[in-house]
Amino acid sequence: MSDTAAAADLETFIAGLPKAELHVHHVGSASPRIVAQLAARHPNAKVPSDPQQLAEYFTFRDFAHFIEVYLSVVDLIRDAEDVRLLTYEVARDMARQNIRYAELTVTPFSSTRRGIPDREFCDAIEDARKAAEAELGVVLRWCFDIPGEAGLESAEETARIATELQPAGLVGFGLGGPEIGVPRPQFKPYFDRARAVGLHSVPHAGETTGPQTVWDALRHLGAERIGHGTTSTQDPALVDFLGENRIPLEVCPTSNIATRAVATLEEHPIREMFAAGLKVTINSDDPPMFGTDLNHEYAVAARLLDLDETGVTALAKNAVDASFLDDAGKAALGAEIDGHLAAHRADPRHRA
Ligand SMILES: [Zn+2]
(Lines give C-alpha, C1' and ligand atoms only; values in the text may rest on other atoms or scores of the structure.)
Protein backbone atom coordinates (compact mmCIF):
# COMPACT_ATOMS: atom_id res chain seq x y z
CA MET A 1 0.00 0.00 0.00
CA SER A 2 1.31 3.50 -0.85
CA ASP A 3 1.94 6.03 1.92
CA THR A 4 -0.97 8.14 0.70
CA ALA A 5 -3.30 5.13 0.66
CA ALA A 6 -2.10 4.11 4.13
CA ALA A 7 -2.76 7.63 5.47
CA ALA A 8 -6.25 7.64 3.92
CA ASP A 9 -6.87 4.21 5.45
CA LEU A 10 -5.78 5.46 8.85
CA GLU A 11 -8.08 8.48 8.56
CA THR A 12 -11.00 6.15 7.84
CA PHE A 13 -10.03 4.08 10.86
CA ILE A 14 -9.86 7.21 13.07
CA ALA A 15 -13.25 8.45 11.82
CA GLY A 16 -14.86 5.18 12.89
CA LEU A 17 -12.93 4.91 16.15
CA PRO A 18 -15.18 5.49 19.20
CA LYS A 19 -13.56 8.38 21.05
CA ALA A 20 -13.60 10.31 24.31
CA GLU A 21 -12.63 13.96 24.42
CA LEU A 22 -11.43 15.62 27.62
CA HIS A 23 -10.43 19.13 26.59
CA VAL A 24 -12.99 20.93 24.47
CA HIS A 25 -14.75 24.20 25.20
CA HIS A 26 -18.49 24.74 25.07
CA VAL A 27 -18.58 28.11 23.26
CA GLY A 28 -15.31 27.25 21.50
CA SER A 29 -17.11 24.30 19.85
CA ALA A 30 -19.61 26.59 18.14
CA SER A 31 -19.09 25.68 14.47
CA PRO A 32 -19.91 28.25 11.78
CA ARG A 33 -23.21 26.36 11.36
CA ILE A 34 -24.03 26.89 15.05
CA VAL A 35 -22.72 30.48 15.14
CA ALA A 36 -24.91 31.28 12.12
CA GLN A 37 -27.94 29.88 13.99
CA LEU A 38 -27.11 31.96 17.06
CA ALA A 39 -26.35 35.10 15.00
CA ALA A 40 -29.72 34.69 13.28
CA ARG A 41 -31.38 34.75 16.72
CA HIS A 42 -29.53 38.01 17.50
CA PRO A 43 -29.28 40.05 14.26
CA ASN A 44 -27.85 43.13 16.02
CA ALA A 45 -24.68 41.23 17.10
CA LYS A 46 -21.34 42.09 15.49
CA VAL A 47 -20.53 38.48 14.50
CA PRO A 48 -20.98 37.83 10.76
CA SER A 49 -23.51 35.16 9.80
CA ASP A 50 -22.06 34.55 6.30
CA PRO A 51 -19.88 31.35 6.30
CA GLN A 52 -17.04 32.89 4.20
CA GLN A 53 -16.87 35.98 6.42
CA LEU A 54 -16.97 33.70 9.48
CA ALA A 55 -13.92 31.79 8.21
CA GLU A 56 -11.97 35.06 7.92
CA TYR A 57 -13.27 36.17 11.29
CA PHE A 58 -11.90 32.93 12.81
CA THR A 59 -8.30 33.56 11.62
CA PHE A 60 -6.22 34.57 14.61
CA ARG A 61 -3.22 36.86 14.78
CA ASP A 62 -2.20 35.82 18.31
CA PHE A 63 -3.60 34.51 21.59
CA ALA A 64 -4.99 37.92 22.61
CA HIS A 65 -6.88 38.18 19.31
CA PHE A 66 -8.21 34.66 19.78
CA ILE A 67 -9.62 35.65 23.19
CA GLU A 68 -11.22 38.75 21.61
CA VAL A 69 -12.99 36.72 18.90
CA TYR A 70 -13.96 34.04 21.40
CA LEU A 71 -15.60 36.64 23.65
CA SER A 72 -17.60 38.06 20.74
CA VAL A 73 -19.07 34.59 20.17
CA VAL A 74 -19.72 34.35 23.93
CA ASP A 75 -21.78 37.53 23.48
CA LEU A 76 -24.18 35.61 21.20
CA ILE A 77 -25.21 33.39 24.12
CA ARG A 78 -27.86 35.61 25.63
CA ASP A 79 -30.65 33.42 26.95
CA ALA A 80 -31.26 29.88 28.13
CA GLU A 81 -32.51 28.81 24.69
CA ASP A 82 -29.16 29.90 23.17
CA VAL A 83 -27.37 27.74 25.76
CA ARG A 84 -29.58 24.74 25.06
CA LEU A 85 -29.22 25.12 21.28
CA LEU A 86 -25.43 25.51 21.45
CA THR A 87 -24.97 22.51 23.75
CA TYR A 88 -27.18 20.15 21.77
CA GLU A 89 -25.71 21.21 18.42
CA VAL A 90 -22.16 20.76 19.75
CA ALA A 91 -23.14 17.19 20.67
CA ARG A 92 -24.48 16.72 17.13
CA ASP A 93 -21.06 17.74 15.72
CA MET A 94 -19.43 15.27 18.15
CA ALA A 95 -21.73 12.42 17.11
CA ARG A 96 -20.65 12.90 13.49
CA GLN A 97 -17.05 12.25 14.58
CA ASN A 98 -17.98 9.20 16.65
CA ILE A 99 -17.15 10.99 19.90
CA ARG A 100 -19.05 8.93 22.44
CA TYR A 101 -18.10 10.74 25.62
CA ALA A 102 -16.94 14.31 26.24
CA GLU A 103 -16.04 16.36 29.27
CA LEU A 104 -17.06 19.74 27.95
CA THR A 105 -15.45 22.79 29.52
CA VAL A 106 -18.26 25.19 30.31
CA THR A 107 -17.86 28.76 31.58
CA PRO A 108 -21.09 29.61 33.43
CA PHE A 109 -19.73 33.02 34.52
CA SER A 110 -19.76 34.24 30.90
CA SER A 111 -23.49 33.64 30.80
CA THR A 112 -24.55 34.64 34.30
CA ARG A 113 -22.75 37.99 33.98
CA ARG A 114 -24.80 38.58 30.82
CA GLY A 115 -27.98 38.09 32.80
CA ILE A 116 -28.83 34.42 32.30
CA PRO A 117 -29.90 33.20 35.77
CA ASP A 118 -27.56 30.48 37.08
CA ARG A 119 -30.33 27.94 37.55
CA GLU A 120 -31.69 28.50 34.03
CA PHE A 121 -28.17 28.08 32.66
CA CYS A 122 -27.67 24.78 34.48
CA ASP A 123 -31.14 23.53 33.49
CA ALA A 124 -30.41 24.36 29.83
CA ILE A 125 -27.15 22.41 29.66
CA GLU A 126 -28.72 19.52 31.58
CA ASP A 127 -31.71 19.40 29.19
CA ALA A 128 -29.30 19.32 26.25
CA ARG A 129 -27.15 16.66 27.95
CA LYS A 130 -30.11 14.31 28.44
CA ALA A 131 -31.36 14.87 24.88
CA ALA A 132 -27.88 14.36 23.40
CA GLU A 133 -27.43 11.08 25.25
CA ALA A 134 -30.89 9.77 24.33
CA GLU A 135 -31.04 11.01 20.73
CA LEU A 136 -27.41 11.21 19.58
CA GLY A 137 -25.65 8.60 21.74
CA VAL A 138 -23.19 11.20 23.02
CA VAL A 139 -22.56 11.22 26.78
CA LEU A 140 -21.68 14.72 28.01
CA ARG A 141 -20.16 15.73 31.34
CA TRP A 142 -19.19 19.25 32.46
CA CYS A 143 -16.04 20.88 33.72
CA PHE A 144 -16.95 24.37 34.97
CA ASP A 145 -14.03 26.66 34.42
CA ILE A 146 -12.97 30.01 35.79
CA PRO A 147 -12.22 32.51 33.01
CA GLY A 148 -8.90 33.68 34.43
CA GLU A 149 -9.02 37.04 32.66
CA ALA A 150 -12.19 37.94 34.58
CA GLY A 151 -10.42 37.75 37.95
CA LEU A 152 -11.44 36.52 41.38
CA GLU A 153 -15.02 37.72 41.02
CA SER A 154 -15.44 35.10 38.30
CA ALA A 155 -13.70 32.50 40.46
CA GLU A 156 -16.15 33.15 43.29
CA GLU A 157 -19.17 32.95 40.98
CA THR A 158 -17.94 29.76 39.28
CA ALA A 159 -17.20 28.05 42.61
CA ARG A 160 -20.57 29.14 43.98
CA ILE A 161 -22.53 27.78 41.00
CA ALA A 162 -20.48 24.57 40.95
CA THR A 163 -20.89 23.83 44.65
CA GLU A 164 -24.41 25.16 45.28
CA LEU A 165 -26.19 24.06 42.10
CA GLN A 166 -23.93 21.13 41.17
CA PRO A 167 -25.83 19.96 38.07
CA ALA A 168 -25.89 16.18 37.66
CA GLY A 169 -23.41 16.17 34.76
CA LEU A 170 -20.76 18.23 36.57
CA VAL A 171 -17.53 16.30 37.20
CA GLY A 172 -14.68 18.82 37.01
CA PHE A 173 -13.50 22.29 37.92
CA GLY A 174 -11.05 24.21 35.75
CA LEU A 175 -9.30 27.46 34.99
CA GLY A 176 -8.82 28.89 31.51
CA GLY A 177 -8.02 32.11 29.69
CA PRO A 178 -4.64 33.80 29.55
CA GLU A 179 -1.84 32.61 31.84
CA ILE A 180 0.41 35.66 31.56
CA GLY A 181 -0.45 37.99 34.44
CA VAL A 182 -2.91 35.47 35.91
CA PRO A 183 -0.96 33.46 38.54
CA ARG A 184 -2.53 30.11 39.44
CA PRO A 185 -2.02 30.13 43.24
CA GLN A 186 -4.62 32.87 43.85
CA PHE A 187 -7.33 30.42 42.75
CA LYS A 188 -6.54 27.83 45.44
CA PRO A 189 -9.50 28.64 47.75
CA TYR A 190 -11.97 28.16 44.89
CA PHE A 191 -10.44 24.86 43.83
CA ASP A 192 -10.45 23.73 47.46
CA ARG A 193 -14.21 24.36 47.66
CA ALA A 194 -14.88 22.55 44.38
CA ARG A 195 -12.73 19.58 45.37
CA ALA A 196 -14.48 19.41 48.76
CA VAL A 197 -17.76 18.57 46.98
CA GLY A 198 -16.06 15.86 44.90
CA LEU A 199 -15.20 17.75 41.71
CA HIS A 200 -11.98 16.91 39.90
CA SER A 201 -9.32 19.58 39.35
CA VAL A 202 -8.53 20.18 35.66
CA PRO A 203 -6.85 23.60 35.19
CA HIS A 204 -5.15 24.84 32.03
CA ALA A 205 -1.44 25.30 32.71
CA GLY A 206 1.78 25.57 30.75
CA GLU A 207 0.04 26.60 27.53
CA THR A 208 1.37 30.15 27.19
CA THR A 209 3.75 30.25 30.17
CA GLY A 210 6.54 27.99 31.36
CA PRO A 211 6.66 24.83 33.49
CA GLN A 212 6.38 26.79 36.75
CA THR A 213 2.69 27.33 35.96
CA VAL A 214 2.22 23.55 35.73
CA TRP A 215 3.94 23.11 39.10
CA ASP A 216 1.62 25.79 40.54
CA ALA A 217 -1.43 23.97 39.13
CA LEU A 218 -0.26 20.70 40.72
CA ARG A 219 0.77 22.14 44.08
CA HIS A 220 -1.85 24.82 44.65
CA LEU A 221 -4.87 23.64 42.66
CA GLY A 222 -4.49 19.87 43.09
CA ALA A 223 -4.52 19.35 39.32
CA GLU A 224 -5.48 15.77 38.37
CA ARG A 225 -4.97 16.46 34.67
CA ILE A 226 -3.18 19.33 32.97
CA GLY A 227 -4.89 21.34 30.25
CA HIS A 228 -2.20 21.57 27.54
CA GLY A 229 0.94 21.40 29.70
CA THR A 230 2.83 22.21 26.51
CA THR A 231 5.89 23.67 28.25
CA SER A 232 6.20 20.78 30.74
CA THR A 233 8.96 19.19 28.69
CA GLN A 234 11.22 22.19 29.46
CA ASP A 235 11.62 20.88 33.02
CA PRO A 236 12.95 17.31 33.41
CA ALA A 237 11.89 17.18 37.08
CA LEU A 238 8.34 18.07 36.06
CA VAL A 239 8.34 15.39 33.35
CA ASP A 240 9.43 12.88 36.00
CA PHE A 241 6.71 14.05 38.38
CA LEU A 242 3.97 13.85 35.73
CA GLY A 243 5.14 10.39 34.72
CA GLU A 244 5.49 8.98 38.23
CA ASN A 245 2.08 10.29 39.27
CA ARG A 246 0.38 9.32 36.01
CA ILE A 247 -0.98 12.87 35.56
CA PRO A 248 -2.51 12.98 32.07
CA LEU A 249 -1.84 15.83 29.67
CA GLU A 250 -4.68 17.18 27.55
CA VAL A 251 -2.72 17.87 24.38
CA CYS A 252 -4.34 20.00 21.64
CA PRO A 253 -1.78 20.24 18.80
CA THR A 254 -3.58 22.44 16.26
CA SER A 255 -4.78 24.83 18.96
CA ASN A 256 -1.19 25.38 20.06
CA ILE A 257 -0.23 26.39 16.52
CA ALA A 258 -3.34 28.56 15.99
CA THR A 259 -2.70 30.54 19.18
CA ARG A 260 1.05 30.68 18.43
CA ALA A 261 1.81 28.89 21.72
CA VAL A 262 4.03 26.62 19.57
CA ALA A 263 5.57 27.87 16.32
CA THR A 264 5.08 24.80 14.13
CA LEU A 265 3.68 21.28 14.47
CA GLU A 266 7.17 19.89 13.84
CA GLU A 267 8.34 21.67 17.00
CA HIS A 268 5.39 20.49 19.09
CA PRO A 269 6.63 18.77 22.28
CA ILE A 270 4.15 15.87 21.90
CA ARG A 271 7.04 13.68 20.72
CA GLU A 272 9.05 14.35 23.89
CA MET A 273 5.94 13.81 26.04
CA PHE A 274 5.26 10.50 24.33
CA ALA A 275 8.89 9.38 24.44
CA ALA A 276 9.00 10.16 28.17
CA GLY A 277 6.04 7.83 28.70
CA LEU A 278 3.63 10.57 29.79
CA LYS A 279 -0.08 9.87 29.56
CA VAL A 280 -0.92 11.85 26.43
CA THR A 281 -4.53 12.44 25.45
CA ILE A 282 -5.52 14.07 22.16
CA ASN A 283 -8.03 16.90 22.14
CA SER A 284 -9.37 19.68 19.92
CA ASP A 285 -9.85 22.60 22.41
CA ASP A 286 -11.92 25.05 20.28
CA PRO A 287 -12.19 22.99 17.10
CA PRO A 288 -14.13 25.13 14.59
CA MET A 289 -12.23 28.25 15.63
CA PHE A 290 -8.97 26.44 14.88
CA GLY A 291 -10.25 24.83 11.68
CA THR A 292 -9.97 21.34 13.12
CA ASP A 293 -11.92 18.54 14.75
CA LEU A 294 -10.97 15.62 16.99
CA ASN A 295 -10.49 13.23 14.06
CA HIS A 296 -8.02 15.64 12.49
CA GLU A 297 -6.14 15.98 15.81
CA TYR A 298 -5.77 12.18 15.94
CA ALA A 299 -4.42 12.21 12.37
CA VAL A 300 -1.95 14.97 13.31
CA ALA A 301 -0.83 13.00 16.37
CA ALA A 302 -0.47 9.82 14.30
CA ARG A 303 1.78 11.64 11.85
CA LEU A 304 3.92 13.32 14.51
CA LEU A 305 4.26 10.13 16.57
CA ASP A 306 4.42 7.76 13.59
CA LEU A 307 1.46 5.70 14.82
CA ASP A 308 -0.58 3.07 13.01
CA GLU A 309 -4.09 1.83 13.87
CA THR A 310 -2.84 0.10 17.04
CA GLY A 311 -1.10 3.30 18.13
CA VAL A 312 -4.11 5.58 17.67
CA THR A 313 -6.24 2.99 19.46
CA ALA A 314 -3.88 3.31 22.44
CA LEU A 315 -4.33 7.11 22.36
CA ALA A 316 -8.11 6.70 22.34
CA LYS A 317 -7.85 4.37 25.36
CA ASN A 318 -5.61 6.88 27.16
CA ALA A 319 -8.48 9.37 26.97
CA VAL A 320 -10.92 6.84 28.41
CA ASP A 321 -8.49 5.99 31.25
CA ALA A 322 -7.89 9.68 31.98
CA SER A 323 -11.61 10.50 31.97
CA PHE A 324 -13.85 10.75 34.99
CA LEU A 325 -16.18 8.04 33.74
CA ASP A 326 -16.94 5.40 36.35
CA ASP A 327 -15.27 1.98 36.01
CA ALA A 328 -18.23 0.42 34.20
CA GLY A 329 -18.36 3.32 31.74
CA LYS A 330 -14.63 3.06 31.09
CA ALA A 331 -14.87 -0.69 30.55
CA ALA A 332 -17.77 -0.31 28.12
CA LEU A 333 -16.16 2.41 26.01
CA GLY A 334 -12.78 0.66 26.17
CA ALA A 335 -14.43 -2.52 24.83
CA GLU A 336 -16.00 -0.58 21.95
CA ILE A 337 -12.60 0.86 21.06
CA ASP A 338 -10.99 -2.61 21.18
CA GLY A 339 -13.83 -3.91 19.03
CA HIS A 340 -13.10 -1.31 16.36
CA LEU A 341 -9.45 -2.39 16.20
CA ALA A 342 -10.40 -6.08 16.17
CA ALA A 343 -12.83 -5.52 13.28
CA HIS A 344 -10.10 -3.66 11.39
CA ARG A 345 -7.64 -6.51 11.91
CA ALA A 346 -10.19 -9.12 10.91
CA ASP A 347 -10.83 -7.33 7.61
CA PRO A 348 -8.91 -9.34 4.97
CA ARG A 349 -7.76 -6.09 3.28
CA HIS A 350 -5.77 -5.21 6.42
CA ARG A 351 -4.12 -8.56 7.10
CA ALA A 352 -0.38 -8.34 6.85
ZN1 LIG B 1 -8.64 25.00 26.53
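**A colleague's note on two sheets, a helix pair and some loops**

1. Let us start with a single pair: Phe-144 has Phe-173 in strand 4 as its bridge partner. Please keep in mind while reading that this is a predicted model. The pair belongs to the contact between strand 3 and strand 4 (residues 170–176), which run parallel and are joined by six bridges.

2. On its other pairing, strand 3 meets strand 2 (residues 99–106), again in the parallel sense and over six bridges. A good place to look is Ala-102, which stands opposite Leu-140 in strand 3.

3. How well covered is strand 3 (residues 139–147)? Nine of its nine residues are buried, so the strand is described as mostly covered. Val-139, Arg-141, Cys-143, Asp-145 and Pro-147 point one way, while Leu-140, Trp-142, Phe-144 and Ile-146 point the other way. Residues of both groups are buried. Phe-144, from the opening pair, is in the second group.

4. Now the wider sheet. Five strands make up an open, parallel sheet, in the order 1-2-3-4-5. Strand 1 (19–25) and strand 5 (200–201) are at the edges with a single partner strand each, so one side of each has no neighbour in the sheet. Strand 1 is joined to strand 2 by five bridges, and the two run parallel. Here His-25 has Thr-105 in strand 2 as its bridge partner.

5. Between strand 3 and strand 4 you can follow a connection through helix 8 (residues 151–165): the three elements make a right-handed β-α-β unit. In the loop between helix 8 and strand 4 sits Gln-166. Its phi is near 35°, a positive value in a residue other than glycine. Gln-166 counts as partly exposed because it has 15 C-beta neighbours inside 10 Å.

6. There is also a sheet of four strands, which is open and parallel and has the order 6-7-8-9. Which strands stand at its edges? They are strand 6 (204–205) and strand 9 (280–282); each has a single partner strand, so one side of each is left without a neighbour in the sheet. Further in, strand 7 (residues 226–228) pairs with strand 8 (residues 249–251) in the parallel sense over two bridges. Gly-227 finds its bridge partner in strand 8, namely Glu-250.

7. Gln-234 is worth a visit in the loop between strand 7 and helix 11 (236–244). Setting aside neighbours within four places in sequence, Gln-234 is in contact with Gly-210 and Pro-211. From Gln-234 to Glu-272 the C-alpha to C-alpha distance is 9.9 Å, though the two are 38 residues apart in sequence. Gln-234 counts as partly exposed, because 15 C-beta neighbours lie inside 10 Å.

8. Another loop, between helix 12 (253–258) and helix 13 (270–275), holds Arg-260. Arg-260 is not a glycine, yet its phi is positive, about 65°. Is Arg-260 buried, exposed or partly exposed? With 14 C-beta neighbours inside 10 Å, the residue counts as partly exposed.

9. Finally, look at how helix 1 (residues 3–16) packs with helix 14 (residues 294–305): the angle is about 135° and the axes are 9 Å apart. The two helices are therefore oblique to each other. Helix 1 passes helix 14 in a right-handed crossing. Where they meet, helix 1 brings Leu-10, Glu-11, Ile-14 and Ala-15, and helix 14 brings Asn-295, Tyr-298, Ala-299 and Ala-302.

Conventions: Residues numbered from 1 in each chain as written. Predicted model: local features only at pLDDT ≥ 70, side-chain atom pairs only at ≥ 80, totals over all residues. Pairing = 2+ DSSP bridges. Buried ≥ 20, exposed ≤ 12 C-beta atoms within 10 Å, placed from the backbone. Right-handed = clockwise from strand over helix to strand, strands pointing away. Axes fitted to C-alpha atoms, helices over the stretch in contact; angles between N-to-C directions. Parallel < 35°, antiparallel > 145°, perpendicular 65-115°, else oblique. Left-handed = near helix turned anticlockwise from the far one by under 90°. Contact = placed C-beta atoms within 7 Å.
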